[in-house]
Amino acid sequence: GDGSLTEDSAPAKEIFEKRMRKHDDLKKVLPDPVLHGEETADILFVGWGSPKLAVTDAIDHYTQQGGALKVSYLHYEYMFPVRPEKLQQLAEKAKKVVFVENNGTGQLAKLIRMESGFVADDLLLKNDGRPFFISEILDYIHQAEGKEA
């Protein structure tokens, strides 16, 4: 189109349908979120962006120390269109699904719930402008394990 506005509903409907087709096509080619750890977990952390290294390093440390729980992390690189399928498959095998997000509202958890109906068991949020530290992730795991951190 030439960018001109129209009150006619046919072009607007056509544009919307074209946008939805692009959305569906994009969903087909975007890669799945990446799993760090085992497919079956006691705690499945889910996140996007900056918490990734703190969570994966904490899991590696915990595992090397002989931790009793199986802990995994599912990392979303692409936010939209969201792909909840892998999360839903892993969640069926996980005892607890925890979103780790550097915001105060659990934006990824909300987006996934809105798009798929999936509800997290817990949110680990940090909104003070600081990154997550390995110790904070380990503290969460140890509390879940029932140990004193």
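How exposed is D32, in terms of relative accessible area? D32 is partly exposed, with a relative accessible area of 39%. Here are some notes to go with the structure, which is a predicted model.

1. Overall layout. The protein has 5 helices and 5 strands. Read from the N terminus, its elements follow the order α-β-β-α-β-α-β-α-β-α. The radius of gyration is 19 Å, well over the 15 Å that the globule rule gives for 149 residues, so the protein is more spread out than a compact globule. The C-alpha trace fits that picture with a span of about 65 × 30 × 20 Å along its principal axes. As for burial, 35% of the 149 residues count as buried.

2. The D32 to R83 contact. The structure holds 7 salt bridges, and one of them joins the side chains of D32 and R83, at 3.1 Å from N to O. D32 sits in the loop between α1 and β1 (34-36), while R83 sits in the loop between β3 (71-76) and α3 (85-93), so this pair ties together parts that are 51 residues apart in sequence. The two partners fall into separate burial classes: D32 is partly exposed at 39%, whereas R83 counts as buried at 16% relative accessibility. That last value can be checked against the cut-off, because buried means under 20% relative accessible area.

3. A small network. R83 also meets the side chain of E85 in a salt bridge, with an N to O distance of 3.9 Å. If you apply your own distance criterion, please note that a salt bridge here needs the nitrogen within 4 Å of the carboxyl oxygen. E85 has 36% relative accessibility and so counts as partly exposed. Taken together, D32, R83 and E85 are linked in a network of salt bridges.

4. The K126 to E136 contact. Which side chain does K126 meet in a salt bridge? The partner is E136, at 2.9 Å from N to O. K126 belongs to the loop between β5 (122-125) and α5 (134-145) and E136 to helix α5, so the pair ties together parts that are 10 residues apart in sequence. K126 is buried, with a relative accessible area of 8%, while E136 counts as partly exposed at 27%.

5. The positive patch. Have a look at K18, R19, R21 and K22, which form a positive surface patch. R19 is found in helix α1 (residues 9-29), and K18 has its place in helix α1 too. Are these side chains buried or partly exposed? R19 counts as partly exposed at 49% relative accessibility, and K18 counts as partly exposed at 46%. For a sense of distance, the C-alpha atoms of K18 and S116 are separated by 22 Å, with their positions 98 residues apart along the chain.

6. A cis peptide bond. Where does the cis bond fall? The peptide bond from F80 to P81 is cis, with omega near 0 degrees. In general, most peptide bonds are trans. P81 lies in the loop between β3 and α3, and R83 of the salt-bridge network lies in the loop between β3 and α3 as well. If you set up a topology from this model, this is the bond to have in view.

7. Two further lysines. K86 is found in helix α3 and counts as partly exposed at 21% relative accessibility. The C-alpha atoms of K86 and P33 are separated by 7.3 Å, although the two residues are 53 residues apart along the chain. K96 is found in strand β4 (residues 96-101), and at 27% relative accessibility K96 counts as partly exposed. K96 and K126 are 30 residues apart in sequence, and their C-alpha atoms are 19 Å apart in space.

Conventions. Residues are numbered from 1 along each chain as its sequence is written. This is a predicted model: local features need pLDDT of at least 70, side-chain atom pairs count only at pLDDT 80 or more; totals for chains, interfaces and linings use all residues. Side-chain values use heavy atoms; hydrogens and water are left out. Patches are made of residues with over 30% relative accessible area and no salt bridge: like charges are joined within 9 Å, nonpolar side chains (Val, Leu, Ile, Met, Phe, Trp, Tyr) within 5 Å. Accessible areas come from the Shrake-Rupley method with a 1.4 Å probe; for residues, only the protein chains shown count as cover. Lys and Arg count as positive and Asp and Glu as negative; His and the chain ends are not counted. The place of a charge is taken as NZ of Lys, CZ of Arg, CG of Asp or CD of Glu. Helices (H or I, at least four residues) and strands (E, at least two) are DSSP runs, numbered from the N terminus. Buried means under 20% relative accessible area, exposed over 50%, partly exposed in between (1.4 Å probe, protein chains only). The radius of gyration is taken over C-alpha atoms; the globule rule is 2.2 Å times the number of residues to the power 0.38.
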